[in-house]
Amino acid sequence: MRKTLYLKFLLAYLIFAFFGFVVVATFVSSMTIEQLKRERADALYREATLIANTYASDLYNVETSLDTVKKQLDALDAYLGATLWIINPSGLLILDSRAPIDVENETVVSGFDPTVTENSYYTIGNFFDSFTEEQLSVFAPITSNYKVRGYVVIHYPMSNISASGNNLLNISYLMLVILFLLSLIILIFFTEMVYLPLRRITEATEQYAAGNMHYEFQIDSEDEIGYLGATLSYMASEIARSEDDQKKFVANVSHDFRSPLTSIKGYLEAMLDGTIPPELYEKYLTIVLNETERLTKLTNGLLTLNNLNTKGMLLDKGIFNINKVIRNSAASFEGTCKSKTIAIELILTGDELFVNADMVKIQQALYNLLDNAIKFSRPDSIIKIETTEKHNKIFVSVKDSGIGIPKDDLKLIWDRFYKSDSSRGKDKKGTGLGLSITKEIIHAHGEHINVISTEGVGSEFIFSLPLAEEENED
Ligand code: ADP
């Protein structure tokens, strides 16, 4: 692609040069000759009329000798570079600036016809076979007593006009060459601003296509090409990042699947080979069951995340009472709370509070937050769930006074598989997927979730939901 683009541009450039040349050689050439011819004919006609009204008419009116008029014609011949004739209407040549006066041998232009010019005042040709070379001939009548006595004819060789035309054309050709050379600047601009950056971009795309997503290239221009380069390089970095994320994800998944599987395998083998005696089976089978529960939780979490990612905004939205959902969720944790002597306090705005969202997903988000709050709470503490209405939004807060989250971990807790070191000891069953699922759910609704936490004091998770316009319980 890159070679042809350059060749195409060069070809266009050569076509431009060729047509430039053709136009100068044809149109410009004929226009120049035509213009020169007209100008010369005009000048000679004025001269001829002047002669016809002065020296030539003197020949007929006053007694002026042929010699005197001849001398004047000769001088004009030298000045104009043209042949001057005085000819009478029948074609008899009275005076010729290029021949001596010879009364004996009179020259007659046979076939002379003064109307030969038709509507014009000049004619081009060999003037009734009087010349071998083509001439521009102009003539003006000599009148005396209202009668045409003769004509003043001036012949100018066409070769002279062509010669001046060619001189002018040479200037045009020179201008064309200069223009052609100047337009090379465009070619240089094209090479520097389009061709070379495009080549760099092509090289980069080849590298990216070959899988080298970390390939770096630079285009230092702020035009569309520069923007294209920057966009491409950004795209590659994003792909590289998502590839890295994917690798990390697979590594995490494998790791999190392997540890429960290893322990299940270990205990089962120990039971089979008798290392664990049958009276301890119950204890170890409970552990095995817990591990399989963990695996199920992990698989479900991954599936949920995958659905959220691929389906994006595909939510089953409806209007429901968020207060009711919170009450139900709190009730479902009653058993766990009792065993840890934890109380859940509900501070809900109004009796009913309607939001427009996907109820099942919001239930899951709430479940994850409550599950964490209970997991990381100290015994005999209180968990507060609060709803508030502000700027057409409902804010739901889940607040515990548990272990809190270290400052450095605050950004990381939303990542998949992230579990803070402090929680690992307390929470062996955690998958590290709960908060990333919660975040995806809230973001899919176009809303936000935030956390405020102090290590050793407690954490508060707050998310927003859109207030339903019509309060209608479904
Ligand atoms: P898991 O399912 O393992 O709990 P999450 O994504 O829900 O994973 O949480 C990630 C990490 O965030 C937890 O391992 C814990 O370190 C921290 N965390 C989440 N909620 C709380 C909380 N209420 N109090 C203290 N730490 C928390």
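**Note on surface patches and helix 12**

1. Leu 182 is partly exposed, with a relative accessible area of 49%. This residue belongs to helix 4. The model discussed here is a predicted one.

2. Leu 182 is one of the residues that make a nonpolar surface patch of about 850 Å². The other members are Leu 168, Ile 171, Leu 174, Met 175, Ile 178, Ile 185, Phe 189 and Met 193. Two elements, helix 4 (158–182) and helix 5 (184–209), each give two or more residues to this patch. Helix 4 makes the greatest contribution, with six residues. A general point is useful to a student here: an α-helix has 3.6 residues a turn, so residues three or four places apart point the same way.

3. The surface also carries a patch of negative charge, where Glu 243, Asp 244, Asp 245 and Asp 415 gather. Asp 415 is located in the loop that lies between strand 11 (393–400) and helix 11 (421–426). Its relative accessible area is 38%. Asp 415 therefore counts as partly exposed, because that term covers values between the 20% limit for buried and the 50% limit for exposed residues.

4. Helix 12 spans residues 434–444. Which of its residues are buried? They are Leu 435, Ser 436, Ile 437, Thr 438, Ile 441, Ile 442 and Ala 444. Just after this helix, Gly 446 adopts a positive phi of about 75°.

Note on methods. Residues are numbered from 1 along each chain as its sequence is written. This is a predicted model: local features need pLDDT of at least 70, side-chain atom pairs count only at pLDDT 80 or more; totals for chains, interfaces and linings use all residues. Side-chain values use heavy atoms; hydrogens and water are left out. Patches are made of residues with over 30% relative accessible area and no salt bridge: like charges are joined within 9 Å, nonpolar side chains (Val, Leu, Ile, Met, Phe, Trp, Tyr) within 5 Å. Accessible areas come from the Shrake-Rupley method with a 1.4 Å probe; for residues, only the protein chains shown count as cover. A salt bridge is a side-chain nitrogen of Lys or Arg within 4 Å of a carboxyl oxygen of Asp or Glu. Lys and Arg count as positive and Asp and Glu as negative; His and the chain ends are not counted. The place of a charge is taken as NZ of Lys, CZ of Arg, CG of Asp or CD of Glu. Helices (H or I, at least four residues) and strands (E, at least two) are DSSP runs, numbered from the N terminus. Buried means under 20% relative accessible area, exposed over 50%, partly exposed in between (1.4 Å probe, protein chains only).
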